[in-house]
Amino acid sequence: MLRNLFALIAGGLFGAGLLVSGMTNTHKVQGWLDIFGDWDPTLAFVLGGAILPMAVAWNIASRRAKAVLGNPLPAPARGEVDRNLILGSLMFGAGWGLVGLCPGPAIASISWGGIGGAVFLVAMLAGMMIAPAFRERITLIAAAIR
Amino acid sequence: MPMDWIWGLVGGLMIGTAAAFYLLGSGRIMGASGIIGGLVDRTGWSTWAERVAFLAGLALVPALLKPLYTVPVETGVTSNLAAIVAAGLLVGVGTRIANGCTSGHGVCGISRLSLRGMVATVFYLLAGGLAVIVFRHLFGVI
């Protein structure tokens, strides 16, 4: 129960932050990505502001054995940069630029995003559903090329 | 607006505080695509209630705050349906293949100096910038 409450609080604060920062405003997101247009630097402040408390949290986590609710803290980050990381990030970035929504803001803005926001969310969920099959396919293709 | 960067910073600090709370409180990495994706492909089914609670907060709190918010925050999703569907599919498949999005790789990854997080962020920013250049300035679709 407490675990779900913590998740609800974290999700709620995350959503409030996305709204306040402008991440749910697709014009702002595309304005930040549009370095050859009327560039909007706001998102640099969002990312910087978000990284600060999280860097402190990782530091505290490195000196603790367990989280407050008793479960283990995440294992150290894996180092390998692989094909899927790069291919997936390129695909994600292209979609992000095209419409200006990433997964968090797509959920956070659902109450006012209109039909466009709803269609985006459904397409994103469909993409997540086919992702495991897509991953298998590119592994096969890569093996065939090699 | 000239004050936008302050709101960006304040909102960013809120996002980072949420991620810090989730890490130290629950031992979880606050990555939106992972939390959603684990429900969609059932790989995270054992923790479904926690995921649903997170997403409920994520959808409900902005819905409640929006009417109180005086700064215009319209979500101006394009009316080009093909672009919306293509973008949604790309974001859905891409974040799952890469195992993270802006929150997981960007916020949680970079803040622990994870190489994967930093590389992912460089590549999705590059692709995002390129998509805006191509589809806004070359084709004028968005």
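## Close-ups of a predicted two-chain model

In chain A, the mean position of the 10 positive charges and the mean position of the 6 negative charges are 16 Å apart. Keep in mind throughout that this is a predicted model.

**Figure 1. Chain A is built from helices, with 0 strands.** Count along the chain and you'll find 6 helices. Written as a pattern in sequence order, that gives α-α-α-α-α-α. The C-alpha atoms of chain A fit in a box of roughly 45 × 45 × 30 Å, taken along the principal axes. Now for a quick check on how spread out the chain is: a compact globule of 146 residues would have a radius of gyration near 15 Å, but chain A comes in at 18 Å.

**Figure 2. Here we look at what chain A hides and what it shows.** Of its 146 residues, 51% are buried. What chain A exposes adds up to about 6,600 Å², and carbon and sulfur atoms supply 70% of that area. As for who touches whom, take the contacts in chain A with a separation of 6 or more: residues 24 or more positions apart account for 51% of them.

**Figure 3. Chain A and chain B meet through 101 residues of chain A and 100 residues of chain B.** The size of an interface is often given as the accessible area lost when the parts come together. For this pair, about 8,900 Å² is buried between the two chains, 77% of it on carbon and sulfur atoms. Three names to look for on the chain B side are B:Leu24, B:Ile97 and B:Arg116: they supply 8% of the area that chain B buries against chain A, more than any other three residues.

**Figure 4. A:Trp58 sits in helix α3 of chain A and touches both chains.** Helix α3 covers residues 42–62. Is this tryptophan buried or exposed? A:Trp58 counts as buried because its relative accessible area is 9%, and the cut-off for buried is under 20%. Setting aside neighbours within four places in sequence, A:Trp58 is in contact with A:Pro74 from its own chain, plus B:Leu23, B:Ile29, B:Cys108, B:Ser111 and B:Arg112 from chain B. You can also pick out A:Leu73, 15 residues away from A:Trp58 along the chain, with 9.8 Å between the two C-alpha atoms.

**Figure 5. B:His105 is tucked into a crowd of contacts in helix α5 of chain B.** That helix runs over residues 102–110. With a relative accessible area of 7%, B:His105 is buried. Leaving out neighbours within four places in sequence, its contacts include B:Ala98, B:Asn99, B:Gly100, B:Ile110, B:Gly117, B:Ala120, B:Thr121 and B:Tyr124. A:Leu85 is on the list too, reaching in from chain A. So is B:Arg116, one of the three residues pointed out in the interface view.

**Figure 6. Two loop residues of chain B, B:Arg42 and B:Leu113, have a positive phi.** Where does B:Arg42 lie? Look in the loop between α2 (32–40) and α3 (48–65) of chain B. B:Arg42 is not a glycine, yet its phi is about 65°. B:Arg42 is exposed, with a relative accessible area of 55%. B:Leu113 is in the loop between α5 and α6 (115–138) of chain B, and its phi is near 55°, again positive in a residue other than glycine. At 65% relative accessibility, B:Leu113 is exposed.

Methods:
Residues are numbered from 1 along each chain as its sequence is written. Chains are lettered from A and ligands numbered from 1 in the order in which they are written. This is a predicted model: local features need pLDDT of at least 70, side-chain atom pairs count only at pLDDT 80 or more; totals for chains, interfaces and linings use all residues. Side-chain values use heavy atoms; hydrogens and water are left out. Helices (H or I, at least four residues) and strands (E, at least two) are DSSP runs, numbered from the N terminus. The radius of gyration is taken over C-alpha atoms; the globule rule is 2.2 Å times the number of residues to the power 0.38. Buried means under 20% relative accessible area, exposed over 50%, partly exposed in between (1.4 Å probe, protein chains only). Contact means heavy atoms within 4.5 Å. Accessible areas come from the Shrake-Rupley method with a 1.4 Å probe; for residues, only the protein chains shown count as cover. Lys and Arg count as positive and Asp and Glu as negative; His and the chain ends are not counted. The place of a charge is taken as NZ of Lys, CZ of Arg, CG of Asp or CD of Glu. Buried area is the accessible area (1.4 Å probe) that two parts lose on being put together, summed over both.
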